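Here is a short set of exercises to work through with the viewer open. Try each task yourself before you read its solution.

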Amino acid sequence: MAACRRLSTLIRLVGVRYSSELGSGAGKGGGSGGSIREAGGAFGKLEAAREEEFFKRLEKQQLAMLKKQIHEDIDFHENQIKIHEEAIKRHKKKIKGMKSDSD
């Protein structure tokens, strides 16, 4: 359940932001991307490339953290299974040790 929430947060953070060529000037979406991107040209393209690199790195880091958390969740649940299996064995042993009502 927690992993699903983390994944949905990741998707919202990394969503697609551009509708035209990166760094080509102000977009059609109504908002500007800042003065450098708005001006376009080589600086706009460079800034857009840096921004894309940043978000790709951020997405990679978030996916690594999510994967680690999922592995930790799996380990926790496998440990819980072992604990419950041992408890079941103990209870079955107690039942075998008890005298039945028919004796």
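The exercises below go from the overall fold to single side-chain pairs in this predicted model.

**Exercise 1. Describe the secondary structure of the protein chain, and find which element has the highest mean pLDDT.**

Solution. Start by counting elements: the protein chain has three helices and zero strands. Read from the N terminus, the order is α-α-α. Next, turn to confidence. The chain as a whole has a mean pLDDT of 79, with 58% of its residues at 70 or more. Helix α3 has the highest mean among the elements, 95, while helix α1 (residues 2-14) has the lowest, 60.

**Exercise 2. Compare the span of α3 with the span expected for its number of residues.**

Solution. First take the number of residues, which is 57 for α3. The expected span, at 1.5 Å a residue, is 84 Å. Then take the distance from the first C-alpha of α3 to the last: 84 Å, close to that expectation.

**Exercise 3. Work out how much of the protein chain is buried, and list the buried residues of α3.**

Solution. Begin with the whole chain: 12% of its 103 residues count as buried. Within α3, the buried residues are Gly-44, Ala-48, Gln-62, Leu-66 and Ala-87. Now look at the outside. The accessible surface of the chain is about 8,900 Å², and carbon and sulfur atoms account for 59% of that. Finally, consider contacts between residues at least 6 apart in sequence: 48% of these join residues at least 24 apart.

**Exercise 4. Find the salt bridges in the whole structure and place each along the sequence.**

Solution. The search gives two salt bridges. Take Arg-57 and Glu-53 to begin with: their closest N and O atoms are 3.1 Å apart. Both residues lie in helix α3 (residues 41-97), four residues apart, or about one turn of the helix. Glu-53 is partly exposed, because its relative accessibility is 47%.

Move on to Lys-68 and Glu-72, whose closest N and O atoms are 3.6 Å apart. These two are separated by about one helical turn, because they are four residues apart in helix α3. Lys-68 has a relative accessible area of 55%, so this residue is exposed. Glu-72, at 37%, is partly exposed.

To close the step, recall the geometry: an α-helix has 3.6 residues a turn, so residues three or four places apart point the same way.

**Exercise 5. Find the aromatic pair and decide whether its rings are stacked, tilted or edge-to-face.**

Solution. The whole structure holds one aromatic pair. Its partners are Phe-54 and Phe-55, with ring centres 5.1 Å apart and 75° between the planes. Planes over 60 degrees apart count as edge-to-face, so the Phe-54 and Phe-55 pair is edge-to-face. As a last check, Phe-54 is partly exposed, because its relative accessibility is 43%.

Note on methods. Residues numbered from 1 in each chain as written. Predicted model: local features only at pLDDT ≥ 70, side-chain atom pairs only at ≥ 80, totals over all residues. Heavy atoms only, no water. Phe/Tyr/Trp six-rings, centres within 6.5 Å; stacked < 30°, edge-to-face > 60°. Buried < 20%, exposed > 50% of the residue type's maximum accessible area, 1.4 Å probe, protein only. Contact = heavy atoms within 4.5 Å. Areas by Shrake-Rupley, 256 points an atom, 1.4 Å probe, with all protein chains shown as cover. Salt bridge = Lys/Arg side-chain N within 4 Å of Asp/Glu carboxyl O. pLDDT = per-residue confidence, 0-100. Expected span 1.5 Å × (residues − 1).
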